[in-house]
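Subject: Structure handover

Hello,

Here is the structure we talked about passing on. Please open it first, then read my notes below.

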Amino acid sequence: MNLDYLVVGVASALAIALHVALFVLFRRWMDRDLALSFAGGDPRKRAWMLARLGRARRERVRRRDLPAWLERQAAGYGGEAGGRPAQDSE
């Protein structure tokens with residue numbers, strides 16, 4: 001009887017861990033897609049926006065503020081005319 005509870009407890013814990021892992025993974029994918037949506041088809045701007053997303057994570061930008069933050073970063077991109085992206089002050 002006690003073994004039944006142990007099996008149910010272990011299976012439940014594993015199921016919860018799987019759901020948490022999938023939630024975190026899907027959220028990262030959504031953030032990546034959001035950053036890439038601001039880049040359009042320019043491969044250099046895509047790489048730059050992914051770097052900006054990494055910076056947002058390091059700076060712990062709140063999730064609700066992330067779309068506006070990424071939009072401001074995309075507006076500050078200076079590489080559209082073939083030049084180098086604008087340097088940011090860190």
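Start with one salt bridge. Asp31 pairs with Arg63, and their closest N and O atoms are 2.6 Å apart. Asp31 sits in helix H1, while Arg63 sits in the loop between H2 and H3, so the pair ties together parts that are 32 residues apart in sequence. Asp31 is buried, at a relative accessible area of 12%. Arg63 is partly exposed, at 37% relative accessibility. Please keep in mind that this is a predicted model.

**The overall picture**

The protein chain has three helices and zero strands. The order from the N terminus is α-α-α. The chain counts 90 residues, and buried ones make up 20% of them. It exposes about 6800 Å². Carbon and sulfur atoms supply 60% of that area. I also looked at contacts between residues at least 6 apart in sequence: 52% of these join residues at least 24 apart.

**Helix H1**

H1 runs over residues 2-37. It has 36 residues and reaches 52 Å from its first C-alpha to its last. That is close to the 52 Å expected at 1.5 Å a residue. Which residues of H1 are buried? They are Asp31, Ala35 and Leu36. These buried residues pack against H2 and H3. Asp31 is thus on two lists: it is a buried residue of H1, and it forms the salt bridge with Arg63.

**Helix H2**

H2 covers residues 43-58, which is 16 residues. Its first and last C-alpha atoms are 23 Å apart, close to the 22 Å expected at 1.5 Å a residue. Its buried residues are Lys45, Trp48, Met49, Arg52, Leu53, Arg55 and Ala56. They cover an arc of only 160° around the axis, which puts them on the same side of H2. Pro43 and Arg58 are exposed on the other side. What do the buried residues of H2 pack against? The partners are helix H1 and helix H3.

Now look at the two ends of H2. At the start, a side-chain oxygen of Asp42 comes to within 3.2 Å of the backbone nitrogen of Arg44. After the helix comes Arg60, with a positive phi.

Arg55 deserves its own note. It forms a salt bridge with Glu59, the closest N and O atoms being 2.8 Å apart. Arg55 is buried, with a relative accessible area of 11%. Glu59 is partly exposed, at 43%. How many salt bridges does a search of the whole structure find? It finds two. One is Glu59 with Arg55, and one is Asp31 with Arg63.

**The loop between H2 and H3**

Arg60 is found in this loop. Its phi is near 55°, a positive value in a residue other than glycine. Most residues other than glycine have a negative phi. Is Arg60 buried or exposed? Arg60 is exposed, with a relative accessible area of 73%. Arg63, the salt-bridge partner of Asp31, lies in this loop as well.

**Helix H3**

H3 spans residues 66-75. Leu66, Trp69, Leu70, Gln73 and Ala74 are buried in it. Seen down the axis, these residues fall within an arc of 135°, so they line one face of the helix. The face turned away from that buried side carries the exposed residues Arg72 and Ala75. What covers the buried residues of H3 includes H1 and H2.

Pro67 is also in H3. It counts as partly exposed, at 34% relative accessibility. Which residues does Pro67 contact, leaving aside neighbours within four places in sequence? The contacts are Leu34 and Phe38. The C-alpha atoms of Pro67 and Ala35 are 8.1 Å apart, although their positions lie 32 residues apart along the chain.

**How it fits together**

The packing runs between the helices. Buried residues of H1 pack against H2 and H3. Those of H2 pack against H1 and H3. For H3, the cover includes H1 and H2. The Asp31 and Arg63 pair adds a link from H1 to the loop between H2 and H3.

Best wishes

Key:
Residues are numbered from 1 along each chain as its sequence is written. This is a predicted model: local features need pLDDT of at least 70, side-chain atom pairs count only at pLDDT 80 or more; totals for chains, interfaces and linings use all residues. Side-chain values use heavy atoms; hydrogens and water are left out. Helices (H or I, at least four residues) and strands (E, at least two) are DSSP runs, numbered from the N terminus. The expected span of a helix is 1.5 Å times one less than its number of residues. Buried means under 20% relative accessible area, exposed over 50%, partly exposed in between (1.4 Å probe, protein chains only). The arc is that of the directions from the helix axis to the C-beta atoms. Contact means heavy atoms within 4.5 Å. A polar contact is a pair of N or O atoms within 3.5 Å; within protein, one must be able to donate a hydrogen and the other to accept it, and residues adjacent in sequence count only if both atoms are side-chain atoms. Accessible areas come from the Shrake-Rupley method with a 1.4 Å probe; for residues, only the protein chains shown count as cover. A salt bridge is a side-chain nitrogen of Lys or Arg within 4 Å of a carboxyl oxygen of Asp or Glu.
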